[in-house]
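This briefing introduces one structure to a reader who is meeting it here, and it takes the packing of helices before the pairing of strands. Please keep the sequence and the 3D view at hand while reading.

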Amino acid sequence: SAGPVNILTLGPVTNLARAMHGSLDASGVSHLYLMGGEMTGQQLDLNFRSDRAGARTAIMADIPKTIITIQTCGQTAVTEEFLDALECPTMAACALLPKMRQQIS
């Protein structure tokens, strides 16, 4: 087996929450990185608002996690140089690169 994995969510956590309620073995996950939440306390961001129950499941999971708020995401820019430096460890990761390149052109 490959050992524990890190999970990064870039949108609503519906599929992750379903897996957590189903067959996902939490001992195989070393860390969750959740893109969602916001720091002003005025409203939920789209990712958490889209599936509040799923977000609650992921946040309450007994897995170390980092929540990357919408304010932090708004300060991050993906450049052509960044994409060129990415490695593709899997076919799924490689499949995302063309779509990422479309977003910056």
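Helix H1 (residues 14-21) and helix H3 (residues 52-60) have axes that come within 8 Å and cross at roughly 60°. The model is a predicted one, and the points below follow this helix pair and then the strands.

**Helix packing**

- With a crossing angle of roughly 60°, H1 and H3 are therefore oblique to each other, and H1 passes H3 in a left-handed crossing.
- On the H1 side the contact is made by Leu16, Ala17, Met20 and His21, which meet Gly54, Thr57 and Ala58 of H3.
- The residues of this contact between H1 and H3 comprise four nonpolar and three polar ones, with no charged residue among them.

**Pairing of strands S1 and S2**

- Strand S1 (residues 5-9) pairs with strand S2 (residues 29-35) in the parallel sense, and five bridges join the two.
- Within this pairing, valine 5 stands opposite valine 29, a residue of S2.
- On its way from S1 to S2 the chain passes through H1, and the β-α-β crossover formed in this manner is right-handed, so that H1 belongs both to this connection and to the contact with H3.

**Pairing of strands S2 and S3**

- S2 also pairs with strand S3 (residues 65-68), again in the parallel sense, over four bridges.
- Leucine 34 has isoleucine 67, which lies in S3, as its bridge partner.

Technical notes:
Residues numbered from 1 in each chain as written. Predicted model: local features only at pLDDT ≥ 70, side-chain atom pairs only at ≥ 80, totals over all residues. Heavy atoms only, no water. Axes fitted to C-alpha atoms, helices over the stretch in contact; angles between N-to-C directions. Parallel < 35°, antiparallel > 145°, perpendicular 65-115°, else oblique. Left-handed = near helix turned anticlockwise from the far one by under 90°. Contact = heavy atoms within 4.5 Å. Nonpolar A, V, L, I, M, F, W, Y, C, P; charged D, E, K, R; others polar. Pairing = 2+ DSSP bridges. Right-handed = clockwise from strand over helix to strand, strands pointing away.
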